[in-house]
Each structure stands twice: as C-alpha cells, then as structure tokens.
Amino acid sequence: MPKQVLSCTVNDEAAEVLVQPWDTLLDALRERMGLTGPKEGCGTGDCGACTIHFDGKPVASCLLLAMQARGHVVRTIEGLGKPGALHPVQEAFVKHGVPQCGFCIPGVVMAAAALLNENPHPTEEEIRYGIAGNLCRCTGYTKMLAAITEAAGAGAGRRS
Amino acid sequence: MRRFELVLPESLDDCVKALARHGSEAKLLAGGTDLLPQMKNALLKPAVVIDLSGVSRLRAIESGNGQGLKVGAAVTARTLELDRSVRSRFLSLAESGALVGSVQVRNLATLGGNLCNAAPSADMAPPLLALDAEAVITGPKGERRVPIAAFFTGVRHTVLAPDEILVELAMPAPGAHSGGNYLRHTPRRELDIAVVGVASQLTLANGVCTKARIALAAVAPVPLRATAAEQALEGQAVTPERIARAADLAVEAARPISDQRGSADFRRHLVRVLTRRTLTTALARASAS
C-alpha cells in the first residue's frame, strides 16, 4: 500500500509528511513528526491523553486518521507555550504542582486551554465538565481544578 | 490497525462511485468515534475506508423555506449542541448532542454516525423521531427519503443498502408554540450510555395540544414512538394528570430487556419518570415560545 502525503499546519508551521493510510493522527504526530506530548492511553477516545486542538477544537487524536488532517490546523502541547512563555494553564499547573506521574497532563492542559478559550470565565461545574473526558490514574483532579480556576482568573481565555 | 486502502472523495458523487466500486468491502468513515475503536479491536476489518471529511455538503446545516431544518449527516455532536438554528427551534436535538461522550469525542462524533451505528441507545435518534425527521439517502439509483422511524430495522441495522449513504436529516418546522426536551438516565453524569432516553415534543394552539410526539431509546431493538401516549394528549389541554396518563401509556410501548445497564423493570420505571419530565419541560417551553 503506497504511503500518502499529509499536508497540514502543525504548531503554526506548514508540515508535509508521508503517512500510511492506517496511521492515526496521533501515530503521525508521535512517530513521524517527533511530537510525543500527546500520549496514547486507551486508543479508543475514552481517556483524553491524546487531546490536541484540531482547527482550534479539542479532539482525541487517536480517533482521527492522519489523512483526515489534510488541510487542517493542528496544535499539540508543544505548540501551546514555550519555555519562558508558558500558557497560563501551564504556568498554573507548575505553580500548583499538578503533575504526578504526568502521563495525562498534556491532554488535560490542552482540554483546559480549549475550555478557557471558548469560555473565559467558567464555573467550577463547567471546569469539571470541560475535563470530564480526561482520566488521571493518579486521581489528581483537585489540583487540576484549582490550577484551571486560577488560570481562568489570570485571563487564560483571552490568550491562546 | 489492519491495513486498508483509504479513499478520499471530495464530493458526494465521488463517495457514491467509490461505494459502488467497493461495495460491502468498504466502510464509510465520518467521525470515527465508533468505527476506529472497532477496527483497532479487529471487530471490523474493512479492505477499504472511504473518508467523508472532504465532502462539505455532509457538514452543512440549512434552514429551509418555512423554517424547516436540514442537518448534514457529518455534522458533529458538538455543532448540534452549540448551533443557534438548532438550539432555537430544535432544542431536544441540541440537548442530545450535548450528552454524547466527552468534548473531545463530541468534536468528532457525527449525527449520521450515531444513526448509522443504530445502537438502540443512540441519543440523537429520539429527538429526530419526535421532530418527524426524514433521512435523505443517496445511492447509484438516486435519492430517496425515509421517515426516521422506519430508518432502523434492528440492533445495529438500518434500511441503508451497502451502496447507499445517509446524506442529511430533514425536519419540518415545529411551528409556533412548540417545545421539546430530551433526557436520558445514566449512572454517571458524563461519558456514559443511556439506560433509557426519552424525547418529547408538544405543539399547542389556544391552550390545546395539537401535536404530541414521544420517542423512546434503549427500550426496544430500535428507537420507537409511544403513539398511544401521544394520542392521549392530542386535542386536549395538557394537565399534570394527562401527562401522568401519557407516561403510563409510554411504559406500555416499551419492550425493554434486562442487561448490565438495568433490568427491564427499572427501564419501565425510567420510561414513566423521563416521559413525565420531558413532557413537563416540553409543555413549559411550548407555552413560553
């Protein structure tokens, strides 16, 4: 089976990579572009560890074929903030010491950043609902909630 | 995932041609939230996958003449949840979209996928039954329309032939003084599958119900209407007593099974409770509109 050419925008740069028809977008990001921030937890859209922004919206990248990203705009955790210029959600996660094992964190941060972008001043209920699709096996949800609440107060929704 | 050939059509015509060429060897890929997990688990092993994401017509939402609505089969659950034209007059459909999976899944999962998978618990089916929607289907022999109540033929089976595609859902305008509501019961509040789902739609004129629709999910092999319950409301003023009577009649329409999500008796109880609640909300919305 011939590989296909995937052209899309990844973290603000034009990307062109060869992918197999059966590669998921998560496979392409991790294996072909070296972007290992998004993780494969379940592979079936239940855990949220692979959350990225697809045309600005949070999606499970394990449920998209790589070629479905043709012509689309993809952002991974690597493109959300930079060292020294972190996204407010990232800053708040550092300050509150949210990560434990860390595996779920890129997905949670991407879900939270998308939530604050759509809803800059969420209620606690809305924050809980916004990260309902992200599982943390360390069960560190209390600190996530505190950090996202603080990031919302710091105006995260007006950036990103 | 097993290897497959990936076809990337840019138009509905090309989709129909690809499907005609590959027939039952092919699977249509819309949101992928049901298809890809099944392919990863090797429950499905299509030789060909036809990706619908390049076909813009399937993602369109159109308000027609007379304020009816056409919703493309590849419109996402998240779009249904947020779209103003859907929320303003077809609120029960927006409510069902808001209940599917997580936001990461709702941004992918599609209306057509929910219907074509034909799970008895499909959340988007009852609102469409209550809104008198028609499925617009196309294939090599042209287009046909099927009332959504006749679209489902069994658990995971629909009227679609192997060479046909669901294009859109067409709904007539509910009219003035009409209101609807969809509710389901799940043990968890999010990311769960309905034990029972109920959609109601009431239309009023001069304090009398001119049209009632009550549709049930996860209580039979296919989503179904509780027609006796509807008839008990039509031509009457909708009172709490008549709502209670309709809820009792809706229970009689249900043919639930017992499984890991709930016993048949529990499901009948839920039909009564959710029918009463959705009718009460539909009545309030119809009165306010």
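**Helices around Ile148(A)**

Modeller: Let's start with Ile148(A), which sits in helix H5 of chain A. Bear in mind that this is a predicted model.

Biologist: What makes Ile148(A) buried?

Modeller: Ile148(A) has 31 other C-beta atoms within 10 Å. The cut-off for calling a residue buried is 20 or more, so Ile148(A) counts as buried.

Biologist: Which residues does Ile148(A) touch, leaving aside those up to four places away in sequence?

Modeller: Those are Val89(A), Ala92(A), Ala112(A) and Ile127(A). Take Ala92(A): 56 residues separate it from Ile148(A) along the chain, yet the two C-alpha atoms are 7.0 Å apart.

Biologist: Then on to the helices. Why are H2(A) and H5(A) called oblique to each other?

Modeller: H2(A) and H5(A), the latter being residues 141-153, pack at about 135°, and their axes are 8 Å apart. Roughly perpendicular stops at 115 degrees and roughly antiparallel needs over 145. An angle of about 135° fits neither, and therefore the pair is oblique. As for handedness, H2(A) and H5(A) cross in a right-handed way.

Biologist: Which residues make that contact?

Modeller: H2(A) brings Pro88(A), Val89(A), Ala92(A) and Phe93(A), while H5(A) brings Ala147(A), Ile148(A), Glu150(A) and Ala151(A). By type, the residues of this contact are seven nonpolar, no polar and one charged.

Biologist: And what makes H2(A) oblique to H3(A)?

Modeller: Helix H2, residues 88-95, and helix H3, residues 105-118, both of chain A, have axes that come within 9 Å and cross at roughly 130°. That crossing angle is what makes H2(A) oblique to H3(A), as the roughly perpendicular range ends at 115 and roughly antiparallel means over 145. The crossing of H2(A) with H3(A) is right-handed.

Biologist: Which residues of H2(A) and H3(A) meet?

Modeller: On the H2(A) side they are Val89(A), Gln90(A) and Phe93(A); on the H3(A) side, Ile105(A), Val109(A), Ala112(A), Ala113(A) and Leu116(A). The split for the contact of H2(A) with H3(A) is seven nonpolar, one polar and no charged.

Biologist: Which residues of H2(A) are buried?

Modeller: Pro88(A), Val89(A), Gln90(A), Ala92(A) and Phe93(A). The buried residues of H2(A) pack against H3 and H5 of chain A.

Biologist: How do you know that H3(A) is largely enclosed by the rest of the structure?

Modeller: Twelve of its 14 residues are buried, so H3(A) earns that description. Among the buried ones are Gly107(A), Met110(A) and Leu115(A). Their cover includes strand E3 (51-54), E4, H2, H4 and H5 of chain A, along with helix H6 (103-106) of chain B.

Biologist: How do you know that the span of H3(A) agrees with what it should be?

Modeller: At 1.5 Å a residue, the 14 residues of H3(A) should span 20 Å, and the end C-alpha atoms are 20 Å apart, so the two agree.

Biologist: Chain B came up just now. How many residues does each chain put into the contact?

Modeller: Chain A puts in 23 residues and chain B 22. On the side of chain A that touches chain B, strand E4 (57-60) and helix H4 (124-130) supply at least two residues each. E4(A) gives the most, with four residues. That side of chain A divides into 13 nonpolar, nine polar and one charged.

Terms used
Residues are numbered from 1 along each chain as its sequence is written. Chains are lettered from A and ligands numbered from 1 in the order in which they are written. This is a predicted model: local features need pLDDT of at least 70, side-chain atom pairs count only at pLDDT 80 or more; totals for chains, interfaces and linings use all residues. Axes are lines fitted to C-alpha atoms, for helices over the stretch in contact, and angles run from 0 to 180 degrees between N-to-C directions. Angles under 35 degrees count as roughly parallel, over 145 as roughly antiparallel, 65 to 115 as roughly perpendicular and the rest as oblique. A crossing is left-handed if the near helix is turned anticlockwise from the far one by less than a right angle, and right-handed if clockwise. Two residues are in contact if their C-beta atoms, placed from the backbone, lie within 7 Å. Ala, Val, Leu, Ile, Met, Phe, Trp, Tyr, Cys and Pro count as nonpolar, Asp, Glu, Lys and Arg as charged, and the others, Gly among them, as polar. The expected span of a helix is 1.5 Å times one less than its number of residues.
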